[in-house]
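Let's take a walk through this protein together, one stop at a time. Have the picture open and follow along.

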Amino acid sequence: FVSVGMLFDPLSVVREPWPFAATLFVIVVGKSLAALLIVVLFRHPMATALMISASLAQIGEFSFILAELGVALNLLPKAGRDLILAGAIFSIMLNPLVFAVVDWLTARLEMPQTASPTAATAEPIPVTDLQDHTILVGYGRVGSIVGDALHQRNAPFLAVEASDDMVAKLKQRGIEALMGNAARASVLRATNPAGARSLVIAIPEAFEAGQIVEQARAANAGIQIIARAHSDAEVDHLKGLGADIVIMGEREIARGMIEELDRGHAAVGTQHAPAAREDSAA
Ligand code: AMP
């Protein structure tokens with residue numbers, strides 16, 4: 001990176017200001033606009049689109065390698081490589097500024113954005129009427145099994161899900177569901193953790209789970225918190241923040257396998273047992 005950067009001739013910027021300005025424009029504005037359009041076309045929120053375009057408003061060392069290759073293969077004049085180097089260096093320098101502009105724009109767009117489901121969490125969310133209930137965070141592979149069991153038992157519970165599709169499905173089934181990221185204070189507050197009996201965190205991400213544990217424990221010292229983890233470190237992390245029980249998925253899978261092995265061996269044993277009896281009878 002440094003050695004290729006040393007090939008940069010600073011005077012090329014002064015010698016050829018317009019080609020340099022055009023290169024910088026393509027990198028900072030052109031590339032970002034293309035990224036913005038793609039992200040918006042995929043129906044992601046404008047704040048996400050702006051953040052991604054800011055992240056792409058520069059070029060890095062890979063462009064140096066391509067430029068060098070282009071020159072070596074006689075596909076690119078040396079002047080082209082200098083422009084790319086200048087564009088890379090200046091676009092990297094400008095990047096913090098681009099992020100500052102995006103932050104400012106995102107703050108200004110906050111008002112219209114609140115109409116979108118992801119920004120809805122910025123509005124005060126009405127707190128559930130449930131008391132002595134279970135809060136279930138995540139209704140995926142793990143949470144749906146827990147939630148369906150609670151639903152069958154008619155136990156009072158409320159699900160928090162980041163997926164609006166899932167929330168719509170749960171509501172259709174008559175299950176109280178809240179759309180949003182449970183790690184956000186406004187979302188978690190709406191689940192009434194202070195009045196809840198238990199909290200089941202069935203999401204795979206331990207960092208977010210930790211934030212949820214911390215806030216729920218602060219709101220209710222007596223709430224039972226059961227969380228999900230995927231490593232010993234995550235178990236320690238979540239317990240350290242106040243979870244009562246942390247179930248590590250991988251360990252439970254291994255336990256299930258061992259149980260099946262034992263059951264299989266026992267079955268083989270019982271299959272052999274009558275044979276032995278037959279032998280002895282014979
Ligand atoms: P799975 O890994 O299949 O159990 O799915 C996890 C579920 O949790 C998915 O349906 C996600 O949409 C949901 N989820 C993940 N993180 C959060 C969060 N912070 N708040 C609410 N729901 C979440």
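**Three stops along the chain**

Our first stop is serine 53, which is buried, with a relative accessible area of just 5%. Keep in mind as we go that this is a predicted model. Why does serine 53 get called buried? Because its relative accessible area is 5%, and the label applies to anything under 20%. To find serine 53, look in helix 4, which covers residues 46–55. Its side chain reaches back to the backbone oxygen of leucine 50, at 3.2 Å. And what does serine 53 touch once you leave aside its neighbours within four places in sequence? The answer is Ser32, Ala35 and Leu36.

Now hop over to methionine 166, in helix 8, which spans residues 164–172. Is this one buried or exposed, or something in between? With a relative accessibility of 23%, methionine 166 counts as partly exposed, because that label covers values between the 20% and 50% cut-offs. If you skip residues up to four places away in sequence, methionine 166 touches Tyr139 and Glu161. Try finding glycine 138 too: it sits 28 residues from methionine 166 in sequence, and their C-alpha atoms are 9.6 Å apart in space.

Last stop: the surface. Here Phe62, Ile65, Leu66, Leu69, Leu73 and Leu75 form a nonpolar patch, and together they have about 680 Å² of accessible area. One of these residues, leucine 69, belongs to helix 5, made up of residues 61–72, so you can use that helix as your guide to where leucine 69 is.

Note on methods: Residues numbered from 1 in each chain as written. Predicted model: local features only at pLDDT ≥ 70, side-chain atom pairs only at ≥ 80, totals over all residues. Heavy atoms only, no water. Helix = DSSP H or I, 4+ residues; strand = E, 2+ residues; numbered from the N terminus. Buried < 20%, exposed > 50% of the residue type's maximum accessible area, 1.4 Å probe, protein only. Polar contact = N/O pair within 3.5 Å; in protein donor to acceptor, adjacent residues only side chain to side chain. Contact = heavy atoms within 4.5 Å. Patch = residues over 30% accessible without salt bridge, like charges linked within 9 Å, V, L, I, M, F, W, Y side chains within 5 Å. Areas by Shrake-Rupley, 256 points an atom, 1.4 Å probe, with all protein chains shown as cover. Salt bridge = Lys/Arg side-chain N within 4 Å of Asp/Glu carboxyl O.
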